[in-house]
Amino acid sequence: MGLANRRSIMTLYSDSADIYSHQVRIVVAEKGVSVDIKHVDMNQPSEELLELNPYGYLPTLIDRDLVLYHAPIIMEYLDERFPHPPLLPVYPVARAECRRMMYRIEKDWYSKLNAITNGTKEEAATARTIIKDSFTALAPVFASSPYFLSEEFTLVDCCLAPLIWRFGTLGIELPKSAKTVLAYAERVFDRDSFQASLTDTERELRAA
């Protein structure tokens, strides 16, 4: 019998500093579901994790005999498995727009993180500038509704918030003209679910 079949409650394998694991932890907290969170080092996956997920990357969610990896898949599964509160709109067009925005966040911004943390000084500086200029240009959009393009908190916010939370350690400083982005961030950071999602390591990112 495999490890997945021996579990009675959901287990989330998460790295305490991994931005994708953070996305999923926000969803878990929003849903208020009982999940056994196991923090592991994503650079040194355990044999247990490798037995469950052949790729060995995080986050990985186990729900009885179901094993899921890749943060967007996990987040949408949790939203469907526990429908209240909903984190995607009801109507297909609006749901598709949320998914499109999650994809753009990944391709336009998350894709630049490796250059900032592991690239040359020039590559890191270029990546920081792209992210800073993009958020600054979108400042009016952040002012148009309480959450990103929505009156309600959605999975899009679950993707945006962990990124903005890490701006300081990434060396990204938004200008005063992007004050609406900072106001949005504080609204999200003040949510009980966001605070509950934070690990000690992530709290230190803002304290530094």
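Biologist: Happy to start with H70: in which loop is H70 found?

Modeller: This is a predicted model, and H70 has a positive phi of about 90 degrees although it is not a glycine. With a relative accessible area of 42%, H70 is partly exposed. As for its place, H70 is found in the loop between β4 and α3.

Biologist: Thanks! And R64, what is its phi?

Modeller: R64 belongs to the loop between β3 and β4. At 46% relative accessibility, R64 counts as partly exposed. Most residues other than glycine have a negative phi. R64 is not a glycine, yet its phi is positive, at about 55 degrees.

Biologist: Good to know. Which peptide bond, ending at P85, is cis?

Modeller: Most peptide bonds are trans. P59, in the loop between α2 and β3, follows a cis bond from L58 with omega near 0 degrees. P85 has its place in the loop between α3 (71–81) and α4 (92–108). There the cis bond, with omega near -10 degrees, runs from H84 to P85.

Biologist: Let's turn to the rings. How many residues apart in sequence are the parts tied together by the pair of Y57 and Y69?

Modeller: A search of the whole structure finds 13 aromatic pairs, and Y57 with Y69 is an edge-to-face one, 6.1 Å centre to centre with 90 degrees between the planes. Y57 counts as partly exposed at 35% relative accessibility, and Y69 is partly exposed at 23%. Because Y57 lies in the loop between α2 (47–52) and β3 (60–63) and Y69 in strand β4 (residues 66–69), the pair ties together parts that are apart in sequence by twelve residues.

Biologist: Are F135 and F167 buried or exposed?

Modeller: F135 and F167 form an edge-to-face pair, 5.2 Å centre to centre with 90 degrees between the planes. Their pair links distant parts of the chain, with F135 in helix α6 (residues 121–137) and F167 in helix α9 (residues 167–170), 32 residues apart. Both belong to one aromatic cluster with W109, F142, F148 and Y184. As for exposure, F135 and F167 are buried.

Biologist: Lovely. Over which ring does the charged end of R206 sit?

Modeller: Two arginines come up here. The charged end of R191 sits over the ring of F153, 4.2 Å from its centre. For R206, the charged end is 4.7 Å from the ring centre, and the ring is that of W165.

Biologist: What is the handedness of the crossover from β1 to β2?

Modeller: Strand β1 (residues 10–14) pairs with strand β2 (residues 35–39) in the parallel sense, over five bridges. Within this pairing, T11 stands opposite D36 in β2. The chain passes from β1 through helix α1 (residues 19–31) to β2, and this β-α-β crossover is right-handed.

Biologist: While we are at α1, is V27 buried or exposed?

Modeller: V27 lies in helix α1. Its C-alpha atom is separated by 21 Å from that of K107, 80 residues apart along the chain. Because its relative accessibility is 0%, V27 counts as buried.

Biologist: One last thing: which element gives the largest share of the lining of the largest pocket?

Modeller: The largest pocket has a volume of about 380 Å³. Of the 13 residues that line this pocket, the closest to its centre are I19, L113, T117, R166 and L170. Elements that give two or more residues to the lining are α1, α5 (113–118) and α9. The largest share, four residues, comes from α5.

Notes: Residues numbered from 1 in each chain as written. Predicted model: local features only at pLDDT ≥ 70, side-chain atom pairs only at ≥ 80, totals over all residues. Heavy atoms only, no water. Phe/Tyr/Trp six-rings, centres within 6.5 Å; stacked < 30°, edge-to-face > 60°. Buried < 20%, exposed > 50% of the residue type's maximum accessible area, 1.4 Å probe, protein only. Lys NZ or Arg CZ within 6 Å of the ring centre and 35° of its normal. Pairing = 2+ DSSP bridges. Right-handed = clockwise from strand over helix to strand, strands pointing away. 1 Å grid on protein atoms, 1.4 Å probe; cavity = no way out; pocket = protein on both sides within 12 Å on 5 of 7 lines; lining within 4 Å. Points joined across faces, edges and corners; volume = space filled by probe spheres on them.
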